[in-house]
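Trainee: Before we look, could you walk me through reading a model like this one, feature by feature?
Mentor: Sure, here it is.

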Amino acid sequence: MRLSRPAKTLALTLAALAVAALAAGAWRFKRYVDEDPRLCATCHQASPEFALWMAGTHKSVACQRCHHAKAEQGVAMLGAFLLGKAPAGHGGVEIGSCAECHFSHDPRWPQVGGSRGHRIHYEQHRIACVRCHAASMHGFEPIAAKCAECHPGHAVRVQGMEGMHCFACHEFLGDAPGLRPTRRDCLRCHTAQGIHAPVKEHGPMAMVCSSCHRPHAPPGETLVSCTHCHDFAATRRAGLHANAAHARCVDCHPPHTWSAEPASCQRCHAHASSHANGKTCTACHAFAGAPRPPHPQEEGGP
């Protein structure tokens, strides 16, 4: 039977509409599989993982953004779902999944690319994000116990600091070269707590705080002896440093400023001011000759 021209036009139109509807349906189905968390909810809605995701910081992020499935895995999941069976293992989190958002320069997500901690751990050593950020299912806040897995024996033993998170001193999100706390890091935190060490940002003794303070050292060794840097034997031969009454460094050199002032002398020599005539003690009483210690270590570093 030969179709008339209007019938052919109608048939072609219906065929085109059918193809378009099929394509639209396929696109919507693919989008549902690739982007819609309701697909995952069909099986996982009653699971604790789904509840944790709903209550977590990533609840606005579709499951598929992090849990990638290959095409064959998607087909297998669909077949299992239609047959009422549980699908095989699927939806693993790959190393680059987190970077797609957090290294993307997209202002919708916190950006960590180039930060001091992620630069060392992720970019240099290629440590998977979930190694630190998945201490619990869908819990992304890193805990100190995760640091200890790779850095054992680094507990803080200084009184008052024992319960602090590693990040309190090792600031991950800054832009300094490494993760060792800098002088500025220490001063920022202690000043915020009302602890005002008598030092300036660029003082006469501008070495890094860890030159003297070792919070990870065993008890009794967290404060480094002056002789760790200063040659004890040579200093004892330098002028009045040889006097046994001057053996304790901090009696004359107050911590953090280290400059021996007349007030330091007068604590033991109360009569000294009566004959100084405005001069400093060291103008007449020589302590010179003590060798300078090696140049202090650089701040930052890996």
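Trainee: Let me start in the middle: what covers the buried residues of α10?
Mentor: First, the ground rules. This is a predicted model, where local features need pLDDT of at least 70 and side-chain atom pairs count only at pLDDT 80 or more, while totals for chains, interfaces and linings use all residues. Residues are numbered from 1 along each chain as its sequence is written, and side-chain values use heavy atoms, with hydrogens and water left out. A helix is a DSSP run of H or I with at least four residues, a strand is a run of E with at least two, and both are numbered from the N terminus. Buried means under 20% relative accessible area, exposed means over 50%, and partly exposed lies in between (1.4 Å probe, protein chains only). Contact means heavy atoms within 4.5 Å. With that in hand, the cover over the buried residues of α10 includes α7 (116-124).

Trainee: Which residues of α10 are the buried ones?
Mentor: Arg 183, Asp 185 and Leu 187. Just after that helix, Gly 194 takes a positive phi of about 80°.

Trainee: And how should I read the sign of phi elsewhere?
Mentor: Most residues other than glycine have a negative phi. Here, His 105 has a positive phi of about 65° although it is not a glycine. His 105 sits in the loop between α6 (99-102) and α7, and is exposed at 74% relative accessible area. Arg 126 is another non-glycine with a positive phi, about 55°. Look for Arg 126 in the loop between α7 and α8 (129-133), partly exposed at 48%.

Trainee: α7 keeps coming up. Which residues does Glu 123 contact, leaving aside its neighbours within four places in sequence?
Mentor: Phe 103, Gly 113, Gly 114 and His 118. Glu 123 itself belongs to helix α7, and its 37% relative accessibility makes it partly exposed. Its C-alpha lies 8.7 Å from that of Gly 113, ten residues away in sequence.

Trainee: Let's zoom out. How many helices and strands does the protein have?
Mentor: There are 14 helices and zero strands. The radius of gyration, taken over C-alpha atoms, is read against a globule rule of 2.2 Å times the number of residues to the power 0.38. For 302 residues that rule gives 19 Å, and the protein comes out at 34 Å, well over it, so it is more spread out than a compact globule. Along the principal axes, the C-alpha atoms fill a box of roughly 130 × 40 × 30 Å.

Trainee: What share of the residues is buried?
Mentor: Buried residues make up 19% of the 302. Accessible areas come from the Shrake-Rupley method with a 1.4 Å probe, and for residues only the protein chains shown count as cover. The protein exposes about 21200 Å², with carbon and sulfur atoms supplying 63% of it. As for contacts with a separation of 6 or more, 56% join residues 24 or more positions apart.

Trainee: How many charged side chains are there of each sign?
Mentor: Lys and Arg count as positive, Asp and Glu as negative, while His and the chain ends are not counted. Each charge is placed at NZ of Lys, CZ of Arg, CG of Asp or CD of Glu. That gives 30 positive and 22 negative side chains, and the centres of the two sets lie 5 Å apart.

Trainee: How many disulfides does a search of the whole structure find?
Mentor: A disulfide is a covalent bond between the sulfur atoms of two cysteines. The test used is a pair of cysteine sulfur atoms within 2.5 Å, and the search of the whole structure finds zero. Take Cys 129, which is in no disulfide: the nearest cysteine sulfur, that of Cys 98, is 3.8 Å away. Cys 129 is also buried, at 18% relative accessible area. For Cys 252, the closest cysteine sulfur is in Cys 265, at 6.2 Å, too far for a bond.

Trainee: Last stop, the loops. Where is His 228?
Mentor: In the loop between α10 (183-192) and α11 (232-236), exposed at 53%. Ile 195 has its place in the loop between α10 and α11 too, but Ile 195 is partly exposed, at 43%. For a buried loop residue, try Ala 272, at 12%, between α13 (262-266) and α14 (273-276). The C-alpha atoms of Ala 272 and Glu 35 are 82 Å apart, with their positions 237 residues apart in sequence.
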